[in-house]
Amino acid sequence: MKKLLTALALGMLVVACTDTKTETNTTVGDTSTVSTSTTTESTTTPAVDTAAATTAIDNAKDVARDAAHNTATATETAAEKVEEKTDTHH
């Protein structure tokens, strides 16, 4: 269970990347007036931490393998108990 929680936590890690674009426009009018405007746009996009994602995938594989093994063991044990109770060769 601890591996599963670790895998989920690592799978959700993201690092924010910010892209900033600034434009400045200057205009000179007919009467020698100067007008300046500045526009700044910022875009933030999440970036996946690939190392954390790889670790999360590996941990998820381990959890799945452990679960499959435990299920097979439980099924085998249950089958043996059924066999014992239905054995006709006393």
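## Confidence of the model

The mean pLDDT of the protein is 77, and 77% of its residues reach 70 or more. The structure is a predicted model, and confidence is not uniform along the chain: helix α1, covering residues 2–11, has the lowest mean, 55. Helix α2, covering residues 50–86, has the highest, at 90.

## Overall architecture

The secondary structure consists of 2 helices and 2 strands. Followed along the sequence, these elements give the pattern α-β-β-α. The protein has 90 residues, of which buried residues make up 4%.

## Thr 43 and Lys 21

Thr 43 is located in strand β2, which spans residues 34–48. Its relative accessible area is 43%, so Thr 43 is classed as partly exposed; that class lies between the limit for buried residues, under 20%, and the limit for exposed residues, over 50%.

Thr 43 and Lys 21 are separated by 22 residues in sequence, while their C-alpha atoms are 8.6 Å apart in space. Lys 21 is also partly exposed, because its relative accessibility is 45%.

## Salt bridges

Side chains of opposite charge can pair when their charged atoms come close. How many salt bridges does a search of the whole structure find? The search finds 2.

One salt bridge joins Lys 21 to Glu 23, with the closest N and O atoms 3.4 Å apart. This separation satisfies the cut-off, because a salt bridge requires a nitrogen of Lys or Arg within 4 Å of a carboxyl oxygen of Asp or Glu. Glu 23 has a relative accessible area of 39% and is therefore partly exposed.

Another salt bridge links Arg 65 with Asp 62, and here the closest N and O atoms are 2.5 Å apart. Both Arg 65 and Asp 62 belong to helix α2, where they are 3 residues apart, about one turn of the helix. Asp 62 has a relative accessibility of 23%, so it counts as partly exposed.

## A negative surface patch

Which residues form the negative surface patch? The patch is made up of Glu 76, Glu 80, Glu 83, Glu 84 and Asp 87. Glu 76, one of these residues, is placed in helix α2. Helix α2 is also the element that contains the salt-bridge partners Arg 65 and Asp 62, and it is the part of the model with the highest confidence.

Definitions and conventions: Residues numbered from 1 in each chain as written. Predicted model: local features only at pLDDT ≥ 70, side-chain atom pairs only at ≥ 80, totals over all residues. Heavy atoms only, no water. pLDDT = per-residue confidence, 0-100. Helix = DSSP H or I, 4+ residues; strand = E, 2+ residues; numbered from the N terminus. Buried < 20%, exposed > 50% of the residue type's maximum accessible area, 1.4 Å probe, protein only. Patch = residues over 30% accessible without salt bridge, like charges linked within 9 Å, V, L, I, M, F, W, Y side chains within 5 Å. Areas by Shrake-Rupley, 256 points an atom, 1.4 Å probe, with all protein chains shown as cover. Salt bridge = Lys/Arg side-chain N within 4 Å of Asp/Glu carboxyl O. Lys, Arg positive; Asp, Glu negative; His and termini not counted. Charge placed at Lys NZ, Arg CZ, Asp CG, Glu CD.
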